[in-house]
Amino acid sequence: MKRPFFILALGLLATAPHPASATDQLPNQGSVLAGPCASCHGSDGSGAGAIPALKGRPASVLLDQLKAFRSGALPSTVMGRLAKGYSDDQLSQLAAHFGDK
Amino acid sequence: MTTRLSRRSFGLLAGAAALGGLSACATRPPAKARVVVIGGGFGGATTAKYIRRLDPAIDVTLVERSKSFVTCPFSNAVIGGLQDISTITHSYDALSERWGVDVIHDEAIAIDTVKKVVALKGGRQLSYDKLVVAPGIDFKWDAIEGYDEKAAEILPHAWKAGAQTITLRRQLEALEDGGVVALSVPANPYRCPPGPYERASLIAHYLKTKKPKSKLLILDGKDSFSKQGLFQDAWAKLYPGLIEWVPLSKDGKITKVDAAARVLESEFGTKHKVAVANVIPPQQAGAIAHVAGLVDKSGWVPVDAKTFEAKQAKDVYVVGDATIANPQPKSGFIANAHGKVVAATIVNAVNGKGQLEPSWANTCYSLIAPDYGITVAGVYRVGDKGLEEVPGSGGVSPKDADAQFRALEARYARDWYKSITTDTWG
């Protein structure tokens, strides 16, 4: 009996699911709006190569930039075209999602 | 662990396994819900990961045939000889090890949407509370006479990345300078609207660099295409005289092939004998969507615009290329965006919270040369008549942009690839 149990115990260890390493809060309107941003800026907004990080920057600065992209005051490749798809309120939610309070 | 188990001890082990299962339940809280995801591409893998990321108390099983996934994005760069296929190949290790997704390498062959059970080819049956179907595309093998899976070994489609990508690359490497390459493109809708024209560009880049006497013929089943002005301006500038585009109205639609002779025949009987032919056939939703009765007459899956729940079955969500989601394009970017919205929808439903207002965005990068990138972007929402692009948003890169702008978009394309593949499989 002992040996099969030993085998079983190892088997359980090997197959036990690891806890997810990072868990966010339940989805909210900001996180749903922010979903596509992650495709370029990274899952948590930490940037990649030449694509700037969003994480760790003040939300107020992010909001100003998003609005400047939308108006064209700040030149961009694609951000101007994307920012035009969001209302003031939605841009605020995006800035709050990625930025520091 | 070399002990050979006798029949008797195997029986004991099986009994112990049953007990072990019970004790595992006693030490861990039972799962809030069981979600099965069919298909591990951009849409399916993202949904599986994000459900676990949002709520680890939900069990997620991902069913995927392949041990690793080769992306269509940047497969044109492999075909054009700019990078190796290993750079676009992704494993499922992070999904299982980091996120606790139960990844099963098998094939879903049937879905009972009433009993809520998925049957796998290997014999297993998976019951679900919520099912996500992300089957991507399959080809309509009967649409072009003479073009079937066997013919595709000689005239590759390379529209599902992997072995076919390598076949096409090798044919281009073997091409003699001066040979004609043909690219047959279907009518809409199909996976990745600008993809064939990016492919034409990167094949042209290879030919110009290595086989400058060669030509590329695009035989098209339509009269206009995504980012057309930007592509054609760039072709005239970078590859003058190398690319000829034959639209539908000039008899560009290919209806018949002779694979052995490498002859493509058009609707009105023009025969093109070429050295290399890349035939991208007409497409439909992946097979399991048909088997499960999720498709309509078009061969694609109608979904509720807000939830992406299949119109034909309750608690079955469909993401990615298989869906009817106009005006959203069939792109990896959108499939990943679908995955996140559906993950949020399922997690909130399981937790008794209401449906959030969905939102999607897309940016399709295309490389015309290694340092020349262009984009088309869009932001999407649910309007009064269903899915719509937010008025005033999106559009293509400016027509008059300078070389620095094009180089920056090419650089962003590569960085986007790093981000989205990590977001999906990392």
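**Two sheets and a helix**

Let me start with one pair of residues: I254 of chain B has its bridge partner in strand β15 of chain B, and that partner is S266(B). Before I build on that pair, please keep in mind that this is a predicted model. The predictor gives the complex an ipTM of 0.90 and a pTM of 0.90. For chain B, the mean pLDDT is 94, with 93% of the residues at 70 or more. One stretch of chain B needs a warning: over residues 1-26 pLDDT stays under 50, and there the model has 18 contacts beyond four places in sequence. I will leave that stretch alone.

Back to the pair. Which strands belong to the sheet around β15(B)? There are three, in the order β14-β15-β16 of chain B, and they form an open sheet with antiparallel pairing. β14 (254-258) and β16 (271-273) of chain B are the edge strands, each pairing on one side only. From one strand to the next, the twist averages 25 degrees.

Now take the two pairings in turn. β14(B) is joined to β15(B), residues 263-266, by four bridges in the antiparallel sense. You already have I254(B) with S266(B). A second pair in this pairing is D258(B), whose bridge partner in β15(B) is V263(B). If you look at the numbers, you can follow the antiparallel sense yourselves: I254(B) goes with S266(B), while D258(B) goes with V263(B). The connection between β14(B) and β15(B) is a hairpin with four residues between the strands, and R262(B) in the turn has a positive phi of about 55 degrees.

On the other pairing, β15(B) and β16(B) are held by three bridges, again in the antiparallel sense. Here L264(B) has H272(B) as its bridge partner in β16(B). These two strands also form a hairpin with four residues between them, and in this turn G269(B) has a positive phi of about 90 degrees.

Which residues of β15(B) lie on its covered face, and which on its uncovered one? L264(B) and S266(B) are on the covered face, and V263(B) and E265(B) are on the uncovered one.

Next, the other sheet. This open sheet has four strands of chain B in the order β13-β12-β11-β17, and the pairing is parallel. Its edge strands, each pairing on one side only, are β13 (243-246) and β17 (276-279) of chain B. The twist here averages 15 degrees from one strand to the next. β12(B), residues 215-220, runs parallel to β13(B), and four bridges join them. One bridge to pick out is that of I218(B), whose partner in β13(B) is W245(B).

One more residue from chain B, this time in a helix. R199(B) lies in helix α7 of chain B, which covers residues 195-210. Is R199(B) buried or exposed? It counts as buried, because it has 27 C-beta neighbours inside 10 Å, and the cut-off is 20 or more. Beyond its neighbours within four places in sequence, R199(B) is in contact with N76(B), I79(B) and L183(B). Y372(B) is 173 residues away from R199(B) along the chain, yet their C-alpha atoms are separated by 13 Å.

Now chain A. Its secondary structure is six helices and zero strands. The chain has 101 residues, and 35% of them count as buried. Among its contacts with a separation of 6 or more, 58% are between residues 24 or more positions apart.

I will show one helix, α4 of chain A, residues 59-71. Its 13 residues should span 18 Å at 1.5 Å a residue, and the end C-alpha atoms are 18 Å apart, so the two agree. Which residues of α4(A) are buried? They are L62(A), Q65(A), L66(A), F69(A) and R70(A). These buried residues cover an arc of only 140 degrees around the axis, which means they sit on the same side of α4(A). The spacing in the numbering has a simple background: an α-helix has 3.6 residues a turn, so residues three or four places apart point the same way.

The buried residues of α4(A) pack against α5 (79-83) and α6 (88-98) of chain A. On the other side of α4(A), V61(A) and S71(A) are exposed. Just after the helix comes G72(A), with a positive phi of about 90 degrees.

That is where I stop.

Technical notes. Residues numbered from 1 in each chain as written. Chains lettered and ligands numbered in written order. Predicted model: local features only at pLDDT ≥ 70, side-chain atom pairs only at ≥ 80, totals over all residues. Expected span 1.5 Å × (residues − 1). Buried ≥ 20, exposed ≤ 12 C-beta atoms within 10 Å, placed from the backbone. Arc of directions from axis to C-beta. Contact = placed C-beta atoms within 7 Å. pLDDT = per-residue confidence, 0-100. Pairing = 2+ DSSP bridges. Axes fitted to C-alpha atoms, helices over the stretch in contact; angles between N-to-C directions.
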